[in-house]
Structures are given as structure tokens and as C-alpha cells.
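Open the model in your viewer and keep the selection tool ready. The stops below say what to pick and what is there.

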Amino acid sequence: MRTSSSINLGLPLGLAPMEGVTDFATRLWFQLIGGVDFTWTPFLRVTDTFPAKFPDLFAPELSILKGLFPAPLVLQVMGSRPEDIVRTADAAGDRIEFIDLNCGCPSPTVVGSRAGSSLLQEAEVFAGFLDYIASRLGPGRLSVKMRTGFHQGEEFPRLIAAIKGIPLRHLTIHGRTRPDRYTGKADWSKVHAATESCPFPIIGSGDVCDLKSLTMRQEVSPNVKAVIIGRGALRNPWIFTGATHGPVVAAFVAFVLLQDLALESEERLVAWCTTLKPNSFRLIEEAEWGRVIESLLIKLRGKSFKTLTDIEVTPRALSRGKMLWNYLRSSLPSAFMEPSLMRASTLEGFLRQIDEIARQLQLSPANLPVIYNPEHDWMYSGAGRNAKS
Ligand SMILES: Cc1cc2nc3c(=O)[nH]c(=O)nc-3n(C[C@H](O)[C@H](O)[C@H](O)COP(=O)(O)O)c2cc1C
């Protein structure tokens, strides 16, 4: 297996949980791109009746595909009652070593149901919630992902003081409060403060989009044990490999195809994964993506393809592709921001426009520059948009 090298050797870099984005097909795609040290499920919302039995297709990496991928997976849950978290961890059994609890989601629906960031309202209640779970699961079997507060953030030191005695596996901090949503900049000085007072490892999250932004955050918080990257990984999916060029078009087609196949039959996509070999990951060349696409098409659709434009996908899969493109285009040369691309009604129409733009720029679609451009940050930081965490 080719070894993965992250953009900052020595500091593990993971794919952040993103509800509506980092489902199995997307995590598989990031594993194929390579370089990522660990991945994370979006939250699994658990209640007193769900899940009755562990939903293996939510995280096949933990069961049928265990050990297949280079990067391990963190399972995240979200709930309003600590007993539901304990029951889910029990149902997961030996699929997991620990379970991660979402204490950051700012969505009004989630907060209304007393889950996500709503758990941060009172330091003592928060600590009691975590303590209930940790004492039943045992030391190191609960990890937590939180924002810096439910209110304005002044409560952060109290929250940390209340939980630092609980034997957590690790604590991930997204340096924004609930009211911040995604506006402004993540406050890494708070991440740093947590590393100073907690005995367990701290993972930092927020606004890492390239080596420079990672270094800036690390300077503020030098003792984080790992960093997770969310929107920055969608803006440059090669971020974990350190590359600023990539076979964008072929990888994009593979993304859309994986989404389509997952929508068609997740079971069959999972079964296809068992054919992957250790050298199937860290795909650098366009031809390597071509082979993956060929294998997917032959094994799952019984047909091959001559050019990428031959591939047909459902409108639903194409809109998943446009979701990715909405991020990715911000790192491409500005001509790729062309709005008519987003209006394409078929994958073929989409690819033809990309080819045309690349031709005008005299660039090869097989290897396009993917460089973080902070000028576009506003696109991904609107209050009210992307209101998940
Ligand atoms: C679309 C979207 C969905 C998210 N869903 C989750 C989630 O399910 N669980 C979670 O803990 N954080 C979630 N987050 C927050 C991210 O994990 C991360 O902490 C945050 O986006 C800041 O990091 P970034 O600047 O690297 O994106 C989500 C973020 C986005 C943009």
C-alpha cells in the first residue's frame, strides 16, 4: 500500500463530520483520493426507539468492510437522553472502540429537541450528561465534539472546567458558538485553552483550508493532537495529500457515480468495495480514476464506458455532484465559477461545459489547479446557510 502523507506530517488530519455530506459514498471517495488519516460519520440521531438494532449500512466500515480502508472511522451520534447514547454504543458492540457525541449542532430543530449544542446550555447539566454515559461505557469509550458555547462563548471555561474530570477518549472543539453558526472565524485560542486544562487529547476544528491556514491555527493552538477538516476538504479534496493539483474531472465523475450507485443500492456498493485492493487508494492519476469508474460500471451496471460523457446518472446524483462542485469551484480558476454549469441538467452537459472552460484556459481537465482562495469564504459562512454542526 502506498503510504498516506498528510499536509503536516506528525499531526493527524481527519475528515470532519458533515451531515448531508459525509455519508458512506462520500467517505469512500475520500478514502480513494487518499491522504486522510481518519474519517467521521455525520451524526446518527438516536432516540428511545431508534436504533432498535445497529444500522450497519450507516457505517459499513465498522462491520462488513472493517479493516479495508486505510483511514479508520469515528461513529458520531446525537441524542437528547444519555441512556439512548449508551444503548446505541451497546448495540454497536465490538464494531467500535468508542462513540462520539455531537454537542455542537446549532439547528433550531435539534436544539428544540434538547440535543446537539443545546447540551451546552448549563455546564453542570452538560457534565452530568457526559458523566452518565462515560461511567456506563467505561474510560476512553466516549468522545465529544462541541462548539465553544450555546450563548456568546463566555461560558466556555465553565464548560471545560465541568467536564475535564470525565475520562473522555478525546474532545473535539469547533471554535465557534452556537449563535456564530459559520460566521466570522473559528476561535482557536479557545481550542488552545482546552489543551491547557484537559487531561485528554483535544482535536481542533474550524477554517482549515490549506497548509497556510493549518499552520496559522497550529500557531495559536500548538498542542492539539489532531485537526479535522470539513468545508476545506470540499474546497480542495486533495488537501489531505498536500496536493494543489488534481484529476478534478475524473474524480468528480467518480463522486457523482458513487452517489448514484449508493442511491441505487448501498448493499451493492458495499459489496463492490470488498473487491478493492490495498493499492486502490491514493489515486493520483486520471487513469487510476478511470479504472475505478470502469470497475464500478462493469460490476454494478454490467457495462463499460468510452468517455466520461457516456456515463448516465440520475438527477438526484447530479445534484449531489453540484453540492460538491459548489465548494470545489471556489478553488479552481475563476472561469469555473460560471453559473450556467450549475444549471446543467445532465452529467454530460456539465462535463462538456467544464471541457470547454478548460480548453479556453488551455488547461488539461486531467490535472487542474485546486488552490484555496479566501476571497470565496463568504460563500460558505452565511448565517442561516449550512446551519449544521
Ligand atoms: C454541511 C455541514 C454539516 C455538518 N454536520 C456536522 C455533523 O453532523 N456533526 C458534527 O459534529 N459537525 C458537523 N458539522 C461541523 C463540522 O464538522 C466542522 O466542525 C465545522 O464545519 C468547522 O470546520 P470547517 O471550517 O473545517 O468546515 C457540519 C458542518 C457542515 C458545513
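**Stop 1: a helix pair.** Select α1 (residues 24–33) and α10 (residues 266–273). The two helices pack at an angle of about 20°, with their axes 11 Å apart. Axes here are lines fitted to C-alpha atoms, for helices over the stretch in contact, and angles run from 0 to 180 degrees between N-to-C directions. α1 and α10 are therefore roughly parallel to each other (under 35 degrees counts as roughly parallel, over 145 as roughly antiparallel, 65 to 115 as roughly perpendicular and the rest as oblique). α1 passes α10 in a left-handed crossing. Left-handed means that the near helix is turned anticlockwise from the far one by less than a right angle, and right-handed that it is turned clockwise. Now show side chains: F24, A25 and L28 of α1 meet E266, L269, V270, W272 and C273 of α10. Contact means heavy atoms within 4.5 Å.

**Before moving on.** This is a predicted model: local features need pLDDT of at least 70, side-chain atom pairs count only at pLDDT 80 or more, and totals for chains, interfaces and linings use all residues. Residues are numbered from 1 along each chain as its sequence is written, and side-chain values use heavy atoms, with hydrogens and water left out. Helices (H or I, at least four residues) and strands (E, at least two) are DSSP runs, numbered from the N terminus.

**Stop 2: the sheet.** Colour the strands. Eight of them form an open sheet with parallel pairing, in the order β1-β10-β9-β8-β7-β6-β5-β3. The edges are β1 (13–15) and β3 (44–45), each paired on one side only. Two strands pair if DSSP finds at least two bridges between them.

Which strand does β7 join through four bridges? Pick residues 142–147 for β7 and 171–174 for β8: these two run parallel. K145 has T172 of β8 as its bridge partner. Add helix α4 (residues 123–137), which packs on the sheet and touches β6 (99–103) and β7. The direction of α4 makes about 160° with that of β7.

**Stop 3: strand β10.** Select residues 226–229. Are its faces covered or open? Both are covered: A226 and I228 are buried on one side, V227 and I229 on the other. Buried means under 20% relative accessible area, exposed over 50%, partly exposed in between (1.4 Å probe, protein chains only).

Three bridges join β1 to β10, and three join β9 (residues 202–205) to β10. V227 is the bridge partner of L13 and also of G204. From β9 the chain crosses through helix α7 (residues 211–220) to β10, a right-handed β-α-β crossover. That is, with the strands pointing away from the viewer, the path from the first strand over the helix to the second runs clockwise.

**Stop 4: S221.** This residue lies in the loop between α7 and β10. S221 is buried, at a relative accessible area of 0%. Beyond its neighbours within four places in sequence, S221 contacts W188, V191, H192 and T195.

**Stop 5: α4 and α5.** Return to α4 and add α5 (residues 156–163). Their axes come within 9 Å and cross at roughly 35°, and the crossing is right-handed. Among the contact residues are F126 and L130 of α4, and L159 and I163 of α5.

**Stop 6: D48.** Look in the loop between β3 and β4 (73–74). D48 is exposed, with a relative accessible area of 52%. Outside its neighbours within four places in sequence, D48 contacts R81, D84 and R87. Last, draw a distance from D48 to I85: their C-alpha atoms are separated by 9.4 Å, 37 residues apart along the chain.
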